[in-house]
Amino acid sequence: MEFRALWDEIAAIGKEPTGYLRYAWTEPELALRTWFRAQAGQRDLAVEEDGNGNLFAWWNPSAEPGVLTGSHFDSVPHGGAYDGPLGIVSALLAVDELRARGVRPARPVGVAVFAEEEGSRFGLACLGSRLLTGAVAPEAAAALRDRDGVTLAEAAGGVPKGHRPDLLARISSFVELHIEQGRALTVPVGVASAIWPHGRWRIDFAGEGNHAGTTLMSDRHDPMLTFAYTVLAANKEARLRGAHATIGRVSVEPNATNAIPARVSAWLDARAADASVVDDLVAAVTARASERATRDGTRVQLTPESLSGETAFDVALRDRIAERLGGVPVLATGAGHDAGVLSAHVPTAMLFVRNPSGVSHSPAETASDDDCIEGVRALADVLEDLAC
Ligand code: HGY
Ligand code: MN
Ligand code: MN
C-alpha cells in the first residue's frame, strides 16, 4: 500500500509556514477536489455532486444502497494536515486494498468529500452534511458570509440544493475514518461511541470608543474589560463543570493602539459530555458577562452560531465494527464530525487513528505512517464486512 506516496501528493496543497489554510471553496480546497476527482477517475469511481458542495465517488453504483466512507478537506485556520484529509486518502486506499484482496462488493462502496466541515469560512460547522440532511435550509446557508463579506452562494456559485433524501436513501451505512483529536487512543485504531454535544456562540461587547490618553479611567465604558473578564469566567465555569470552554477568536473595533475600543466580538466554543452541562455552562458565562457589563457600563449579547447535539453512534454497528477489528478500544470524542450529522439519518460509525501527541487544530498535528496504514487496513476490513 502506497500511503506515503498518495499522502505526499496533497501535502503541499494549502500549506503555509503557519499551518494549513484550506477554506471551503477557496483555491487550495478546490485544488484538493480536483485531485480527488482525478483519483476517483483512476479508480473508475463514478463521481457525483449533491448540489451542496459535497462529492460522492461510487464503486459499482446501483439501485442497491451502498456503504459510504470519507470525510472533509477543509481545515481550521492554520490547522494540521490530518484532520479531514486522512479520512479521504484512507478511503481511496481502502478501495485499492479491497481490489488487491480480490473483493467484489455486493453493494456499492462510496467515498464522500463533505464541504465546510470546520465551519472556518461561513461559521456553521458541518455545513455540507447539514444541507444534505436538511438540517439547515438552503436559503439560510446561501446568505452566510465569510470574514470578507462573501456569501456562500457567491462562493459556491449559487444557492445550495439542500435536503437530498434521494441520496440519503442510497446510503446503507456511513463509516468515517478520522485522526483522533485527543490522547485517549493508545493503539493504532479505535472506534467511536459518541460525540459530545457542543456549540459556538458569538459574544458582542459594546462600549464607548474614546481617547486612550484623555479619558479618565472612571469615565470609561471599555468593552475590552468585559471581554477579558468573560474569558476568565468561561475558563473557570468550565472547570467547575468538567466541561470545555474556549475563546480563541476575537475582533476589536477600531483595534487602534491609542483608542478605547467601541466594540469587541468574541466566539465561545463550549462542549461537555452532557447537553444540560453545556446549557448550564453557557448560562453561567452569560450571567458573569452581564454582571461585569453592568459594572463597566457596557452591553453584552450572546448569539448561537453553530449548535451540535450529542451523537450516540449506532450501537449494533459500533459493536460489529469493534468485534470485526479484534476488540479495539471504543471511545467518545469532544470533536464534531460529519458522521455526527449523518448519524441521525443512516447507521453511522467512526474509526479513529492514533494521534501520538493528541494535538489537533494545529500544524503540530501528526500521525505515524504505520498507524495510518493500520487505519486503511481496518477501514478496508470494515467496508468488506459491510458491503459484501
Ligand atoms: O470543531 C470540531 O470539533 C471539528 O473539528 N469540526
Ligand atoms: Mn477539525
Ligand atoms: Mn475533522
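**Close-up views of the predicted model**

**View 1. Asn255 is placed in the loop between E11 and E12.** Helices (H or I, at least four residues) and strands (E, at least two) are DSSP runs numbered from the N terminus. This is a predicted model in which local features need pLDDT of at least 70 and side-chain atom pairs count only at pLDDT 80 or more, whereas totals for chains, interfaces and linings use all residues. Residues are numbered from 1 along each chain as its sequence is written, chains are lettered from A and ligands numbered from 1 in the order in which they are written, and side-chain values use heavy atoms, leaving out hydrogens and water. Asn255 is not a glycine, yet its phi is positive, near 65 degrees. With a relative accessible area of 60%, Asn255 is exposed; buried means under 20% relative accessible area, exposed over 50%, and partly exposed in between (1.4 Å probe, protein chains only). The loop between strand E11 (244-253) and strand E12 (259-260) also holds Pro254. The peptide bond that leads from Glu253 into Pro254 is cis, with omega near 5 degrees. Most residues other than glycine have a negative phi, and most peptide bonds are trans.

**View 2. Asn60 is another non-glycine residue with a positive phi, of about 60 degrees.** Its place is in the loop between strand E4 (55-59) and E5. Asn60 is partly exposed because its relative accessibility is 42%.

**View 3. Asp83, Glu118 and His361 supply the protein donors of the manganese ion (ligand 2).** Donors are N, O and S atoms within 2.8 Å of the metal (3.2 Å for Na, K and Ca), and sites may look incomplete because water is not among the atoms. Asp83 gives an OD atom, Glu118 appears twice through OE, and His361 gives NE2, with distances of 2.0 to 2.8 Å. Along the sequence these donor residues follow the spacing D-x34-E-x242-H. Distant parts of the chain are linked by the pair Asp83 and His361, which are 278 residues apart. Asp83 belongs to the loop between strand E5 (66-72) and helix H3 (85-100), and His361 to the loop between strand E17 (348-353) and helix H12 (369-387). The relative accessible area of Asp83 is 5%, so this residue counts as buried. His361, at 40%, is partly exposed.

**View 4. The manganese ion (ligand 3) is coordinated by His72, Asp83 and His178.** The donor atoms are NE2 of His72, OD of Asp83 and NE2 of His178, at 2.1 to 2.2 Å. Their spacing along the chain is H-x10-D-x94-H. His72 lies in strand E5 and Asp83 in the loop between E5 and H3, so this pair ties together parts that are 11 residues apart in sequence. His72 and Asp83 are buried. Asp83 coordinates both manganese ions, ligand 3 and ligand 2, which are 3.5 Å apart.

**View 5. Ligand 1 is surrounded by residues that include the metal donors Asp83, Glu118 and His361.** The other surrounding residues are Glu117, Arg200, Arg271, Ala335 and Gly336, a residue being near a molecule if one of its heavy atoms lies within 4 Å of it. A nitrogen atom of ligand 1 is 3.0 Å from a polar side-chain atom of Glu118. An oxygen atom of the ligand lies 2.6 Å from an N or O atom in the side chain of Arg271. At Gly336 the partner is a polar backbone atom, 2.7 Å from an oxygen atom of ligand 1. The protein buries 96% of the 220 Å² that ligand 1 exposes when taken alone; these areas come from the Shrake-Rupley method with a 1.4 Å probe, and for residues only the protein chains shown count as cover.

**View 6. Asn52 is found in the loop between strand E3 (46-49) and E4.** Because its relative accessible area is 3%, Asn52 is buried. A polar atom of the Asn52 side chain is 2.6 Å from the backbone nitrogen of Gly162. A polar contact is a pair of N or O atoms within 3.5 Å; within protein, one must be able to donate a hydrogen and the other to accept it, and residues adjacent in sequence count only if both atoms are side-chain atoms.

**View 7. Gly128 is part of helix H4 (residues 127-133).** Gly128 is buried, with a relative accessible area of 0%. Between the C-alpha atoms of Gly128 and Leu55 the distance is 9.8 Å, and these residues are 73 residues apart in sequence.

**View 8. Pro356 lies in the loop between E17 and H12.** Pro356 is exposed, with a relative accessible area of 56%. From Pro356 to Ala155 the separation is 201 residues in sequence and 36 Å in space, C-alpha to C-alpha.
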